[in-house]
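Thank you for making time for this; I would like to walk through one structure with you, slowly and in a few steps. Please have a look at it before I go on.

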Amino acid sequence: LYGLPERDPQKNRLLEIYTRGAQKPEGCACSTVWLAGKGLERYKWLPCRIELARFEPDDLRIDDLLLLFGETDARRSLLAEIELRHGSISFLEAKQYLQQYASGRSYMRNQAIALLHRIFRWEASGMFSPKIPKLDVQALAERPGIVSFSTIAMDMDVEPIAYAILLGRIYELKRRGAIQKPIL
């Protein structure tokens, strides 16, 4: 499966029989994409067959923040108010509006400060590191073989939203018809 040659002659013969000679013994081509995170600091080197990718800040929208950080009604209503006024903006643009709430004497000041703290943690997560190439799901989907994503370098609290962003991008491309093959 991962491009490693099969050495067992019995398995090679069975592969030849089952695939009618269409599948070669080395299996299906596979490329692995590591999504960037703070855990990359633990790795002194990366295997040559692994690519690094990061998300764009625009991939995380204010409606995602509603799902992630809306633990209380006050936080949900603050984020909903910003979304109602400014539309579906990125989380970095939402941060600017939250800073206005935090610096004023609004009754939402404490909620804005708590949300800003969470956003600062997201910025420091390494998911949006500008030194790493950005993730292009459409280009990856057009590759032959299997593309697998790994979140091994991410913190556990960041992983769920990384998969949510990734699945959202895949769903959008499938809806537009840009991806024709099944996604595993």
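Let me start with a question: is arginine 175 buried, partly exposed or exposed? This is a predicted model, so please hear everything I say as a reading of that prediction. In it, arginine 175 has a relative accessibility of 54%, and since exposed begins over 50%, that residue counts as exposed.

Arginine 175 does have a partner, because its side chain meets that of glutamate 172 in a salt bridge, at 2.6 Å from N to O. The two residues sit three apart in helix α7, which means that about one helical turn separates them, and glutamate 172, at 29% relative accessibility, counts as partly exposed.

A search of the whole structure finds five salt bridges, and I will mention two others among them. In helix α3, arginine 76 and aspartate 73 are again three residues apart, about one helical turn, and their side chains meet at 2.4 Å, N to O; here arginine 76 is partly exposed at 33%, while aspartate 73 is exposed at 58%. The other pair is glutamate 56 with arginine 54, at 3.1 Å, N to O, where glutamate 56 is partly exposed at 27% but arginine 54, with 13% relative accessibility, counts as buried.

Arginine 54 also leads us inward, since it is one of the residues in contact with methionine 127 because heavy atoms of the two lie within 4.5 Å. Setting aside neighbours within four places in sequence, the contacts of methionine 127 also include Phe55, Trp122, Met154 and Ile165.

Methionine 127 belongs to the largest nonpolar core, which has 39 residues, and it is among the four that touch the most other members, together with Phe55, Leu98 and Leu135. Elements that give two or more residues to this core include strand β1 and the helices α3, α5 and α7, and α7 gives the most, with six residues. Apart from this core lies another, of six residues, among them Trp34, Ala36, Ile50 and Ile132.

Finally, how do α3 and α5 pack, and at what angle? Their axes lie 10 Å apart at an angle of about 80°, and the two helices are therefore roughly perpendicular to each other. On the α3 side the contact is made by Ala74, Arg75, Leu78 and Leu79, and on the α5 side by Gln111, Ala112, Ala114, Leu115 and Arg118; these residues divide into six nonpolar, one polar and two charged.

Technical notes: Residues numbered from 1 in each chain as written. Predicted model: local features only at pLDDT ≥ 70, side-chain atom pairs only at ≥ 80, totals over all residues. Heavy atoms only, no water. Core = buried A, V, L, I, M, F, W, Y, C linked by side-chain atoms within 4.5 Å. Buried < 20%, exposed > 50% of the residue type's maximum accessible area, 1.4 Å probe, protein only. Helix = DSSP H or I, 4+ residues; strand = E, 2+ residues; numbered from the N terminus. Axes fitted to C-alpha atoms, helices over the stretch in contact; angles between N-to-C directions. Parallel < 35°, antiparallel > 145°, perpendicular 65-115°, else oblique. Nonpolar A, V, L, I, M, F, W, Y, C, P; charged D, E, K, R; others polar. Salt bridge = Lys/Arg side-chain N within 4 Å of Asp/Glu carboxyl O.
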